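Thank you all for coming. I would like to walk you through one model this morning, going slowly, and then leave time for discussion.

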Amino acid sequence: MAVEYNAFITEASIDGADDGPLAGTTVAVKDNISTKGVTTTCGSDMLADYVPPYSATVVERLTDAGAQIVGKTNMDEFGMGTTTETSAFGPTRNPVAPERVPGGSSGGSAAAVAAGEADVALGSDTGGSVRCPAAFCGVVGIKPTYGLVSRYGLVAYANSLEQIGPIAPTVAEAAAVLDVIAGPDPNDGTTRDPNATTDGDVSTDYAAAADGDAEGLTVGVPTELFDGADERVVETVEAAIDDLVAAGATTTTISLPSVEHAVEAYYVIAMSEASSNLARFDGVRYGHRAEADGNWNESFAATREEGFGAEVKRRILLGTYALSAGYHDEYYAKAQDARAWVRQDFEAAFETVDVIASPTMPVLPFELGESLDDPLQMYLADANTTPVNLANLPAISVPAGEADGLPVGLQLVGPAFEEATVIRAASAVEGE
Amino acid sequence: MTETSDDPDDTSDDGSVVDPAEVEHVAELARVRLDEDERELFAEQFAEILDAFAALDEVPETDREEPLVNVMRPDEVDESLSQSAALANAEETEDGFFVGPKVS
């Protein structure tokens, strides 16, 4: 099974505490989340032999809660991809449709859950990397509010955008993992206590929120996130929204004009942050080191040529370009304007609606190899997920149904730290 | 890549700047060695990608007031990695130090 889909890079066992809320639960962990003593490759030749000397906070919290880690899952190299094909360890296959991609970049985590090789999994979501593979593999994925879950021990790609989040077969199981991993961490200064940052009391009992009750819920449906989506995806998502209405919700059409520019803004910001974050890989303290003569610049350049794959090089170079003299104002500054605009658009929308519904992905799962030679096509597929990261908001992808035998995900976005609301709404869609 | 632009001043400003030499310049800044095929492929792809990014021009100037607060804590001595654990992943070490490539 494990070999069939290439879901794992490393199979290993890290035992959890004897009891706790997740006792007896097996967890697959994305391979950019540090596990003490267990290789953590980020899907890259650069870190093929890297063994972290400490574990990420989320890993400690899972094992303290009784969970057993069963392995490190395949991923797009350093999280850079939408298909899990840029991994140095080969592509992962979609268990629902093995000739298709599982989505990315946390494709191994979603595939492991969909194939029953782990009860639940952790992914990381910088621009959709938990929600996309959840949608493509027909499982549930949660991208938490920025600051809800500690990133300590997560190998950074774009710090201002990313969060670790759970992937599970059901909303309730994903919420139960979130209950364990959420909460402030002294080792991550960007973590927040939800009740210290919101006006009212927000529920942080996530598993209890999966009660299937959509009574009185107002669902905003933004036209911009349906325009241009595959018709089969739109029909399936609209049917899932009808299920929400049948469960007591009301819908209202809304407009989020800023999201038309979200994907470009996301890529400029993510690539810029990546160009800085990945500067640490020079072969001196850890990671691959090229046999190279010459001075340190030549040595670093040779190490990075050998260690990084094409997509990682592309993003480092484009990020370097976007930040370089003469281009900063044209790209990076405009992208930050777009980010602020997206955040304001969502804030205004949440004055009248409780959650915002859309397709998670505007397309059905790609065939293996289909998008590899066309990076721009792959980037544009992130149009619906990236606005959420720019706005730091919580979102969930829940199975909406199938089109042509392929899974379709419904994305539900909520106000900051209102994970409980999106979990409740998603649980009302599930099993309908 | 500038077919949508009517302004001749615009055409000199995008597309044409992404030639293999420009890619090589950025690659040098980023300390990533590229082979010739990669330089040419990237020049082509970057032109297309940067053309898509140019849509950011339509974004209005936006007030970017962020609700940011400093997160402070007392400076306390805590456990840290042992020297051997910190050096364990390095390719080359000497007397408890990392060994890097020569400076020049």
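Counted over all chains, the salt bridges in this predicted model come to 16. As a reminder for anyone new to the idea, side chains of opposite charge can pair when their charged atoms come close. Let me take three of these pairs in turn, and for each one ask how well its residues are covered.

In the pair formed by A:Glu99 and A:Arg93, the side chains meet at 3.4 Å, taken from N to O. A:Glu99 is exposed, because its relative accessible area of 55% is over the 50% cut-off, while A:Arg93, at 31%, counts as partly exposed.

The next pair is A:Arg131 with A:Asp125, where the closest N and O atoms are 2.8 Å apart. Are these two residues buried or exposed? Both A:Arg131 and A:Asp125 turn out to be buried.

For the third pair, please look at B:Glu92 and A:Arg289, whose closest N and O atoms are 3.9 Å apart. B:Glu92 sits in the loop between helix H4 (83–87) and strand S1 (93–94) of chain B, and A:Arg289 sits in the loop between helix H9 (262–277) and helix H10 (296–307) of chain A, so this salt bridge joins two chains. B:Glu92 is partly exposed, with 38% relative accessibility, whereas A:Arg289, at 15%, counts as buried because that value is under 20%. There is also a network in which salt bridges with shared partners join A:Asp230, A:Arg232 and A:Asp404.

Let me now step back to chain A as a whole. Its secondary structure comes to 15 helices and 11 strands, and its C-alpha trace spans about 70 × 55 × 45 Å along the principal axes. A compact globule of 432 residues would have a radius of gyration near 22 Å, and the 20 Å of chain A agrees with that. Of those 432 residues, 66% count as buried.

One residue of chain A outside that buried share is A:Gly189, which is partly exposed at 44% relative accessible area and lies in the loop between helix H5 (171–181) and helix H6 (194–197). From A:Gly189 to A:Asp179 there are 10 residues in sequence and 20 Å in space, C-alpha to C-alpha.

I will finish on the surface of chain B, where B:Asp35, B:Glu36, B:Asp37, B:Glu40, B:Glu44 and B:Glu48 gather in a patch of negative charge. One of them, B:Glu36, belongs to helix H3 (residues 36–53) and counts as exposed, with 51% relative accessibility.

Conventions. Residues numbered from 1 in each chain as written. Chains lettered and ligands numbered in written order. Predicted model: local features only at pLDDT ≥ 70, side-chain atom pairs only at ≥ 80, totals over all residues. Heavy atoms only, no water. Patch = residues over 30% accessible without salt bridge, like charges linked within 9 Å, V, L, I, M, F, W, Y side chains within 5 Å. Areas by Shrake-Rupley, 256 points an atom, 1.4 Å probe, with all protein chains shown as cover. Salt bridge = Lys/Arg side-chain N within 4 Å of Asp/Glu carboxyl O. Lys, Arg positive; Asp, Glu negative; His and termini not counted. Charge placed at Lys NZ, Arg CZ, Asp CG, Glu CD. Helix = DSSP H or I, 4+ residues; strand = E, 2+ residues; numbered from the N terminus. Buried < 20%, exposed > 50% of the residue type's maximum accessible area, 1.4 Å probe, protein only. Rg over C-alpha atoms; globule rule 2.2 N^0.38 Å.
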